[in-house]
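Thank you all for coming; I would like to walk you through one structure this morning, slowly and one region after another. Please have the picture in front of you as I speak.

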Amino acid sequence: MVDLDSEVPPLPPRYRFRDLLLGDQGWQSDDRVQVEFYMNENTFKERLKLFFIKNQRSSLRIRLFNFSLKLLSCFLYIIRVLLDDPTQGLGWSPIIWVNRSLPLWGLQVSVAVISLFETLLLSYLSYKGNIWEQILRIPFLLEIINAVPFIITIFWPVLRNLFIPVFLNCWLAKHALENMINDLHRAIQRTQSAMFNQVLILISTLLCLIFTCICGIQHLERAGNRLTLFDSLYFCIVTFSTVGFGDVTPKIWPSKLLVVIMICVALVVLPIQFEQLAYLWMERQKSGGNYSRHRAQTEKHVVLCVSSLKIDLLMDFLNEFYAHPRLQDYYVVILCPTEMDAQVRRVLQIPMWSQRVIYLQGSALKDQDLLRAKMDDAEACFILSSRCEVDRTAADHQTILRAWAVKDFAPNCPLYVQILKPENKFHIKFADHVVCEEEFKYAMLALNCICPATSTLITLLVHTSRGQESQQSPEQWQKMYGRCSGNEVYHINLEESTFFAEYEGKSFTYASFHAHKKFGVCLIGVRKEDNKNILLNPGPRYIMSSTDICFYINITKEENSAFKKQEKHRKKHESKLSYHGASRLPVHSIIASMGTVAIDLQDTGCRPSSGPTLTLPSEGGKEGRRPSIAPVLEVADSSSLQTCDLLSDQSEDETTPSDDEVSAGLEYAKGYPPYSPYIGSSPTFCHLLHEKVPFCCLRLDKGCQHNYYEDAKAYGFKNKLIIVAAETAGNGLYNFIVPLRAYYRPKKELNPIVLLLDNPLDDLLRCGVTFAANMVVVDKESTMSAEEDYMADAKTIVNVQTLFRLFSSLSIITELTHPANMRFMQFRAKDCYSLALSKLEKKEREKGSNLAFMFRLPFAAGRVFSISMLDTLLYQSFVKDYMISITRLLLGLDTTPGSGFLCSMKITEEDLWIRTYARLYQKLCSSTGDIPIGVYRTESQKLTTSESQISISVEEWEDTKDTKEHISYRSNHRNSTSSDQSDHPLLRRKSMQWARRLSRRVPRHAGKTAEKINQQRMNLYRRSERQELAELVKNRMKHLGLSPAGYDEMNDHQNTLSYILINPSPDTRLELNDIVYLIRPDPLAYVPNTAPRRKDSFCNTVGQDTREETQL
């Protein structure tokens, strides 16, 4: 083994500790060399180059000095011309010799010496091995022409009056100016100055041409007309402007030649300069230029960051943003990395937008582009995701990086961010407002299954409208629907409010009812001054405080309302009526004009509790029913509150599980989900199974060792199914399941949920589509990036149309990418009513309505919506920072202790005695503490029938063949929209041809056989398209081994229309089957606090549920 110690040499003496203490005497004899390091060569030439060229600031000073010298030389030339006497000399001598005074000559020689020395020095420093490249440069040659003759006159005094073309120094001054500007931009780190440079070069070139022509013409004409400088200036301006008066003209041929040369130079140089200027101008138009710092400091602006700007997105943003009066003076700066397309360019050239919107082409990830947009001075920054990307996760990643970049550059700028997938939310928690598309989408789809048309309700609430849509329509439902669509959510401080100030110290339900009765506004929530959480309908036990912020639904905000007191005069015979008190309804006059509402105030004096009561009509009365509607108390009385008993209201099916539940093993408990699918999901109290279901049991179409069921019907579900047709089972699906399993829903009303990742007919039949309550069709992500934007929904629309034709009574709820494609849902080509609604939509769009699509029947009924319609929620948050929170509470995405939830109730025949919406409001407030916010109404409508409802008899068909295909229908069938044979389905025509051929082959004497075939022919002829589709489905079910008993021929519900009335007037009549939207108080808020822990109180509520329907 090698001895390592012997291999290591001892340390030199200078590194020993003893020598460090005592000193080392042998270091002087050491042969070390001290080396100094320089960033540049330490030579005289490199030091000069560093000072004159490389150093930005010193180089800028040298350029400025050189520019000043050239301007001084030109100025001295003008002084020499003014002091010269052109009359001296004859012939050509005035051109060669001039009169130059001695002081002037001395100044010109000094300037020439300094200029020549500087030029030679700079040529030496920039020399790179090619001497001719330095000598043959035009600036060097001009310097030699202007400086060397003056130096020669020093040594040869006879030539002191020799003419030297010093005016050519103007071109050297132009060259020095260009270099100086370049050095200036390098010194201050400015890169967006190409346009300024080109304009400067163009102007300086034009000035140099004119100055050269003036001085040249004036000097050459010393031997001719002897023009002054002013005459020469006049001649040049007239000549270059192509006017040519002819009163001043050159006389000798040299001056004429100079004019020709200058014109040729101008025709060559100036067009090149103009071309470069035009090119830079076009490039600047594409990139958008800059938003100046002065404007940013004196004006208010917001920045919109998008990856690609489409015309629909732009118009939605601008219409919603500028719908608010206080935002009219704001500017919108759009920062987009792509070039502006033609449609956006045309829109931004409209005067209304050209003065407000500034388009900048750039990236939010570059500080230079953020500086161009003056992001640090912006009032807000909106960052929108591109939902048309194939990879939505990649689109979210881009949004996250943009948000990080903006936060890093401008930490104080408020951020409004749109994200697509919920699992990416936690990356942008720092943003002031965040809207996650999949969260809202699935929550609205889920609530649509419980509360019909929730998506339409939310969409109308978050859009800005004055309620003027379709007010000239002859259709009554369109007038009511359009007027109520103008309702929005507003806020005001209680002590500053005319609506609510008088209810300080009174219960929330009392304030809500009386404010609606008196002013027609719907108080839905409050927020305490010292608390950031908003409480929707905190219940009758909540006492209003003067510092509370009140949130209400109304046609406009209180600040834009004018109030007038209306005196009421009772008639004497009113005391004889059987209806008193609450039956006397106010008639509200709501006038929406220019954002101002005039409201007639009614006499709403509080009735004493012992006052007259409402007696039921004798024909509608029932034994044991309350004889009247109780008054709403100012302060809650615990003995009269039914809301507090919601958790203890145990129905028979919940306290005692049925045999079916026991056999199926469905044992529910209430609690929080043990796992969260993504970070940032709000914990929700809901129904849970005691035991986790094995993963193999989740496949509906395949049996496993635990069960052998292979279709939905085999499971024997008591409630109807909810089918979700989606492309993938993403994390956002969690927000679809939780609202359907919320703790306040009774166990007996929980619907089984089936996730269908592909939807061929066989899979639809296996998953139980024939007895499903709702089918939710989610737009497929893979089709969102079509080459033609609006074709992104093509596959979804056609698939839904197929489902609509096969299962006409199935409630289908569809999500689309583009709102404009809603007109294709349940499309009927020859439906006159749909065509009329299409014309109405076009008229409303021409009037500037933001909700032109609202009258489409599928949207009004809540059967279709587009998540892009919720983009306005993010835009409204700039003015109403509470809108996202209220929407999340309504959809159940967030749960705040003490805050209510959205549910619905149906008006039955037993409830029609209430008669009006105001009495319903009082009944709910006085009994359960619920707050109604709107009505979902379904009306019968005589619509034009479709081709699927045609039935023709055999005899009529035979008559048709004899009468040239003239069709007459039987009286007990509906009229068809087509009378041509080609309009009938192909299958029916082939069936009839097949039957006819069979009949021709049979001998005439075979009576029984012929009769049988004739009967078969009649059956084939009588079949309608609906019957053919029904038979197709039944045959397919038989082939799959499914029983077709559950499938009937389901009549179309095409003769009805549904719509929403948000906060209708108090005197609105209730109709049968109306569905009322309610905000119900939180039942958990009234659980007595006797339990030691909140968890124990939750455990005590297991098996205790609220009822979905409110019995009146």
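I will talk about a helix, then aromatic rings, then some loop residues, and finally cysteines.

Before anything else, please keep in mind that what you see is a predicted model.

Let me begin with helix α18, which runs over residues 392–409. How far apart should its ends be, and how far apart are they? At 1.5 Å a residue, its 18 residues should span 26 Å, and the C-alpha atoms at the two ends are indeed 26 Å apart, so expectation and model agree. At the N-terminal end of α18 there is a cap, provided by D391, which places a side-chain oxygen 3.2 Å from the backbone nitrogen of T393. The buried residues of this helix are R392, A395, D396, T399, I400, R402, A403, A405 and V406, and you may notice charged and nonpolar names side by side in that list. What covers those buried residues? The cover includes helix α17, at 367–372, and helix α19, at 437–450, together with the strands β4, at 380–383, and β5, at 415–419.

Now to the aromatic rings. A search of the whole structure finds 32 aromatic pairs, and I have chosen two that share a tyrosine. In one of them, W477 and Y1059 form a tilted pair, with 5.4 Å from centre to centre and 35° between the planes. This pair links distant parts of the chain, since W477 belongs to helix α21, residues 476–484, while Y1059 belongs to strand β23, residues 1056–1062, and the two are 582 residues apart. Are these two partners buried or exposed? W477 has a relative accessibility of 3% and therefore counts as buried, and Y1059, with a relative accessible area of 0%, is buried as well. Y1059 also pairs with Y481: here the ring centres are 6.2 Å apart and the planes stand at 55°, so this pair, too, is tilted. Again distant parts of the chain are linked, with Y481 in helix α21 and Y1059 in strand β23, 578 residues apart, and Y481 is buried, as is Y1059.

Elsewhere, ring pairs link F317, F321, Y322, Y330, W353, F382, Y416, Y875 and F878 into a cluster. One member of that cluster, Y322, has R356 lying over its face, at 4.4 Å from the ring centre. Another ring with a charge over it is that of Y490, where the charged end of K880 sits 4.2 Å from the centre.

Let me turn to the loops, and to N537 in particular, which is found in the loop between β9, at 535–536, and β10, at 549–554. With a relative accessible area of 0%, N537 is buried. Which backbone oxygens lie by its side chain? A polar atom of that side chain lies 3.0 Å from the backbone oxygen of G929, and a polar atom of the side chain lies 2.5 Å from the backbone oxygen of I1079. Leaving aside neighbours within four places in sequence, the residues in contact with N537 include F508, T509, I524, G898, D930 and R1080.

A second loop residue, S497, is found between β7, at 488–493, and α22, at 508–519. S497 is buried, with a relative accessible area of 4%, and its side chain makes a polar contact of 2.7 Å with the side chain of E558. Beyond its neighbours within four places in sequence, S497 is in contact with I492 and E558.

Two further loop residues deserve a look for their backbone. Most residues other than glycine have a negative phi. K374, in the loop between α17 and β4, is not a glycine and yet has a positive phi of about 50°. A453, in the loop between α19 and α20, likewise has a positive phi, of about 65°, without being a glycine. K374 counts as buried at 9% relative accessibility, and A453 is buried with a relative accessible area of 2%.

I will finish with the cysteines. How many disulfides does the structure hold? The number is zero. C484 counts as buried at 7% relative accessibility, and C767 counts as buried at 4%.

Conventions
Residues numbered from 1 in each chain as written. Predicted model: local features only at pLDDT ≥ 70, side-chain atom pairs only at ≥ 80, totals over all residues. Heavy atoms only, no water. Helix = DSSP H or I, 4+ residues; strand = E, 2+ residues; numbered from the N terminus. Expected span 1.5 Å × (residues − 1). Buried < 20%, exposed > 50% of the residue type's maximum accessible area, 1.4 Å probe, protein only. Contact = heavy atoms within 4.5 Å. Polar contact = N/O pair within 3.5 Å; in protein donor to acceptor, adjacent residues only side chain to side chain. Disulfide = S-S within 2.5 Å. Phe/Tyr/Trp six-rings, centres within 6.5 Å; stacked < 30°, edge-to-face > 60°. Lys NZ or Arg CZ within 6 Å of the ring centre and 35° of its normal.
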